[in-house]
Amino acid sequence: MPPPVDIVKVAIEWPGANAQLIEMDQKRALSSIIREVCDGWSLSGSEQFALRYADGPQLYITEQSRSEIKNGTILRLAISPARAARQLLERIQSHGIDARLEALKELAKLSADPTFAAEFINMEGIGTLARLVESGTHFGEMLAFTLTAFLELMDHGIVSWDLISLSFIKQIAGYVNQPMVDVSILQRSLAILESMVLNSHSLYHRVAQEITVGQLIGHLQVSNQEIQTYAIALINALFLKAPEDRRQEEYTNPLEQPLTEMASTLAQKHLRSIILNHVIRGNRPIKAEMAHQLYVLQVLTFNLLEERMMTKMDPNDQAQRDIIFELRRIAFDGENDPTGTEKRKAMYTKDYKMLGFTNHVNPAMDFTQTPPGMLALDNMLYLAKVHQDTYIRIVLENSSREDKHECPFGRCAIELTRMLCEILQVGELPNEGCNDYHPMFFTHDRAWEEFFCVCIQLLNKTWKEMRATAEDFNKVMQVVREQITRALAMKPSSLDQLKNKLRGLNYSEILRLRQSERMSQDDFQSPPIIELRERIQPEILELIKQQRLNRLCEGSCFRKLGNRRRQEKFWFCRLSLNHKVLHYGDLDESPQGEVPFELLSDKIPVSDIKSVVTGKDCPHMKEKSALKQNKEVLELAFSVLYDPDETLNFVAPNKYEYCIWTDGLCALLGREMGSDLTRSDLDTLISMEMKLRLLDLENITIPEAPPPVPKEPSSYNFTYNYS
């Protein structure tokens, strides 16, 4: 007979005594259980004690968190959070250096516990720590532990960052600006400044006045990647919170400017080259957190283009019209312009047609749609001025053709700019957990414009390879999009490498890739083929189902959601070989290969699973308000709901694992597997199976309907003579 659901068997330790093995009744008050445990060791004043986990983060157990205790858990009897907070507060204010150091060390460890943090904050503990920092009398380890404790306590969100004093900010900024400061102090100081900027609008302005780009650039040249990561994170935070009207401002000396004027800063050769040479091309592999910060920096840099992308051209603005005149002049050299107004107007109209604008009379109207707005005109002007030979060659090469295969430069440049904005998600906020940065965008001061110049040449080349006409415009753009996205997926490290990748992805190669990835749908629309497909489909679905269940048996590692600054925590989940139990448990680090069932302490019978929910319906997505707006995490979240009213929450490491697990869990529950991966696998496998079955029918026309049944013979009086 299984044990009652509300009873968990645990061991409770106390220093210098034998552990007590008890059956904890989860319906019974926690204070009553603690009193019984204290009586077992003859300890008085049970209200001064509490239970903590003996392993891992060693968090205090409360009435709210006690439901997480599992069978076999080892607990420890400890002094209560209130008593611990009071004692530590007294010790960190004592005169003894050694006693104060030990107290701060213990405080730094305990501050991550939300129960302890609430008690310590209620006793004005944060104010005490802030005064210790402001006094400037703490150095070395003592200061590092003080800053660690302060940061951990503030991260719980119990106290507003707006309460931080200006003298505290100046002191923290001073540690960042000092040329020689302890690594641990510098790391925590950068993290505190980042949190101030992200959590308080008023503190953003104060921090921006204390820290300059030049001071942070020095921290990007060190060999410690964590310091580099925090420095870039601070730049990102300041840039993210900068007022819109100040992001685009210019400044005379970019290295001495406050970080509120960020537009020219991120494009500065000095900052970019430092990141490229000391971070991206450094001797150490890029860790996940650094990759994320580089991705954020890339997104924020591209978002500077949003204003121009969403700005319509004013056809009556002479300065803007002059840019179009300049494009025409560079292409056709307007020194010999006719003097007559009518002749000049007629010639301009002809030139604008050769430039490939849709509106030949007033090409300014081509730039009134947003996106791409004025950004397209900026790109065209950059190409014409910086890569003049290329620009003239593209324009003249197409304007001289009379076989209807000319590539309209103006129309193509506008549509290409819009496409690049979509591919690089210009104007969208960074996604939490995304590490998709492209090293090549850090190799040039005008990376966006150079990227456009490479792509417009690709478009012109593809147009010729496809022998396209104006009617094929959308088809060409689809092929070019595929060429660019495939090349970007290879993560070229420079613009030259990008050119090489694109050279290999010519039109014929794209056709070959498309052919190998999917069958032409036009060849499989006849009724016999459709019927064959329907007969094959159940077999293929069963094959996919078995593959999903086998992957669940192998198991996967998942990351726990939490503060990025804290050490990443992992847990592993896998299905038992008989498909009856889900085993899971916490891990200290990401595993290499399978994790044995013996190391996974928790389990859920598959028979207890009620349903699987995804996205917004997941309990952990509803709880974490900060993640509600995070599309990336939302798309990878799913939860298992099981009896009695319990949940097991997942955030998959990538889309592939998400599809594998949601499909596998649906298969376990006898439900339809509806992921994108299942549809893709189904199409691929059915296509392969049908090709094999139809191999002998190559070049044979399959009739639309089965052949008619012959008429009955007039007489059945016939025999076969085998002699």
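Two strands are taken to pair if DSSP finds at least two bridges between them. By this criterion, strand S6 (residues 570–575) and strand S7 (residues 581–587) of the predicted model pair in the antiparallel sense, and six bridges join them. Within this pairing, Phe 572 is found opposite Gly 585 of S7.

The S6 and S7 pair belongs to an open sheet of four strands, whose order is S5-S6-S7-S8 and whose pairing is antiparallel. Strand S5 (556–559) and strand S8 (602–605) form the edges; each has a single partner strand, so one side of each has no neighbour in the sheet. From one strand to the next, the twist averages 25 degrees. Helix H26 (residues 527–554) lies across S5 and S6, and runs at about 135 degrees to S6.

The loop between S6 and S7 holds a backbone feature that may catch the eye of anyone checking torsions. His 579 is located in this loop, and its phi is positive, at about 65 degrees, although the residue is not a glycine. With a relative accessibility of 25%, His 579 counts as partly exposed, since that class begins where the buried one, under 20%, ends.

A second residue with positive phi is Gln 58, which is likewise not a glycine and has a value near 60 degrees. Gln 58 is placed in the loop between S3 and S4. Its relative accessible area is 16%, so Gln 58 is buried.

The loop between S3 and strand S4 (74–79) also contains Thr 73. Thr 73 has a relative accessible area of 17% and is therefore buried. Its side chain reaches the backbone oxygen of Lys 70 at a distance of 2.6 Å. When neighbours within four places in sequence are left aside, the contacts of Thr 73 are with Lys 9, Val 10, Ala 11 and Tyr 53.

Attention now turns to helix H3. This helix comprises 14 residues (residues 97–110), which at 1.5 Å a residue should span 20 Å; the end C-alpha atoms are 20 Å apart, so the expected span and the model agree. The expected figure is 1.5 Å times one less than the number of residues. The buried residues of H3 include Arg 100, Ala 103, Leu 104, Leu 107, Ala 108 and Leu 110. They cover an arc of only 165 degrees around the axis, and therefore sit on the same side of H3. A helical repeat helps in reading such a pattern: an α-helix has 3.6 residues a turn, so residues three or four places apart point the same way. On the other side of H3, Asp 98 and Lys 109 are exposed. Several elements contribute to the cover over the buried residues of H3, including strand S3 (49–53), helix H2 (81–91), helix H4 (114–122), helix H5 (125–135) and helix H6 (140–155).

Finally, two peptide bonds deserve a look when torsions are set up or reviewed. The bond from Thr 370 to Pro 371 is cis, with omega near -20 degrees. The bond that runs from Pro 371 to Pro 372 is cis too, with omega near 10 degrees. Pro 371 is part of the loop between helix H18 (341–354) and helix H19 (374–386), and Pro 372 is found in the loop between H18 and H19 as well.

Conventions. Residues are numbered from 1 along each chain as its sequence is written. This is a predicted model: local features need pLDDT of at least 70, side-chain atom pairs count only at pLDDT 80 or more; totals for chains, interfaces and linings use all residues. Side-chain values use heavy atoms; hydrogens and water are left out. Helices (H or I, at least four residues) and strands (E, at least two) are DSSP runs, numbered from the N terminus. Buried means under 20% relative accessible area, exposed over 50%, partly exposed in between (1.4 Å probe, protein chains only). The arc is that of the directions from the helix axis to the C-beta atoms. Contact means heavy atoms within 4.5 Å. A polar contact is a pair of N or O atoms within 3.5 Å; within protein, one must be able to donate a hydrogen and the other to accept it, and residues adjacent in sequence count only if both atoms are side-chain atoms. Axes are lines fitted to C-alpha atoms, for helices over the stretch in contact, and angles run from 0 to 180 degrees between N-to-C directions.
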